[in-house]
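The following report goes through a single protein chain, from its overall fold to a few local backbone features. Please keep the sequence and the structure in view while reading.

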Amino acid sequence: VFPSLAQAQASVANEVYRELGQPSVFLFCPTEYCSSLCSPSPSQSCYLLTLGQELLPGIGVIWTGPKVVSQELSATLLEEVEGVLRRHPIIWDNLYANDYDCRRVFLGPYMGRAPGLMPRLRGLLLNPNCELQANFIPIHTLGSWFRSELGSCAYPGHAGMETVAALGDSQGPQKGTYSPQEALELALRDWVAEINRQALEPGR
């Protein structure tokens, strides 16, 4: 029925999206979801070019970066992806994912993401460690990075402002000056306080 995989996927995704009443959040994960899976490159991928043309503009497209697990994300890469998909990508960040090797746990700060990425993103999803409590530092430092990014964007109506308000009054980087080391120290301090609080609960 369809001349290509991309056209088949776009047709089905568009039909489901319409049937659901075009919800504000509708995510599509392409078969080529990182640069290393594209042939020969994201900007020259017939598959991604077709998706960019065929997918309805309200559908968000997930992207993991240069690789499945990307150590760095740059504005240049996001510009390339945005150009071919005709929309800002939603980053599915596997920086802390350990489901492919459960002998490892990743406890470092959120890092390797160039400053000023927020205006080029439609959203960001963090794929964490499988071990729930090991994600305190990853999520805490992601919050510090997020607040710093919003501080550097500084324009009204920016998506995510309501999320920052929901983060509460935590102290941390506020004005586009994200430091992974400072974010790590802040997270460690709060994590120790949380551990101590739990230790004092009855029955612990």
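The protein chain contains six helices and four strands, where helices (H or I, at least four residues) and strands (E, at least two) are DSSP runs numbered from the N terminus. Along the sequence these elements follow the pattern α-β-α-β-α-β-β-α-α-α. This is a predicted model, in which local features need pLDDT of at least 70 and side-chain atom pairs count only at pLDDT 80 or more, while totals for chains, interfaces and linings use all residues. Residues are numbered from 1 along each chain as its sequence is written, and side-chain values use heavy atoms, with hydrogens and water left out.

Of the 204 residues in the protein chain, 41% are buried, a term that stands for under 20% relative accessible area, with exposed meaning over 50% and partly exposed in between (1.4 Å probe, protein chains only). The chain exposes about 11,300 Å², of which carbon and sulfur atoms supply 57%; accessible areas come from the Shrake-Rupley method with a 1.4 Å probe, and for residues only the protein chains shown count as cover. Among contacts (heavy atoms within 4.5 Å) with a separation of 6 or more, 72% are between residues 24 or more positions apart.

**The sheet**

The four strands form an open sheet in the order 1-2-3-4, with parallel pairing. Strand 1 (27–28) and strand 4 (123–126) stand at the edges with a single partner strand each, so one side of each has no neighbour in the sheet. Two strands are taken to pair if DSSP finds at least two bridges between them. Strand 1 is joined to strand 2 by two bridges, and the bridge partner of F28 in strand 2 is V61. Two bridges also join strand 2 (residues 60–63) to strand 3 (residues 90–93), where I62 has I90 as its bridge partner.

In a regular strand the side chains alternate between the two faces of the sheet. Strand 2 is covered on both faces, since G60 and I62 on one side and V61 and W63 on the other are all buried.

**The core and a surface patch**

The largest nonpolar core has 35 residues, among which L48, L51, L55 and I59 touch the most other members; such a core is a set of buried Ala, Val, Leu, Ile, Met, Phe, Trp, Tyr and Cys residues joined through side-chain atoms within 4.5 Å. Two or more residues of this core come from each of helix 1 (5–19), helix 2 (46–54), strand 2, helix 3 (75–85) and helix 4 (136–153), and helix 3 gives the most, with five residues. Leaving aside residues up to four places away in sequence, I59 touches A13, N14, Y17, F26, F28, R87 and R122.

On the surface, V12, V16 and L20 form a nonpolar patch with about 260 Å² of accessible area together. V12 belongs to helix 1 and is partly exposed, at a relative accessible area of 49%.

**Backbone features in loops**

Most residues other than glycine have a negative phi, and most peptide bonds are trans. Two residues other than glycine have a positive phi here, as tabulated below.

| Residue | Phi | Loop | Relative accessible area |
|---|---|---|---|
| Q22 | near 50° | between helix 1 and strand 1 | 47%, partly exposed |
| R86 | near 60° | between helix 3 and strand 3 | 57%, exposed |

The peptide bond from S39 to P40 is cis, with omega near -5°, and P40 lies in the loop between strand 1 and helix 2.

Methods: Patches are made of residues with over 30% relative accessible area and no salt bridge: like charges are joined within 9 Å, nonpolar side chains (Val, Leu, Ile, Met, Phe, Trp, Tyr) within 5 Å. A salt bridge is a side-chain nitrogen of Lys or Arg within 4 Å of a carboxyl oxygen of Asp or Glu.
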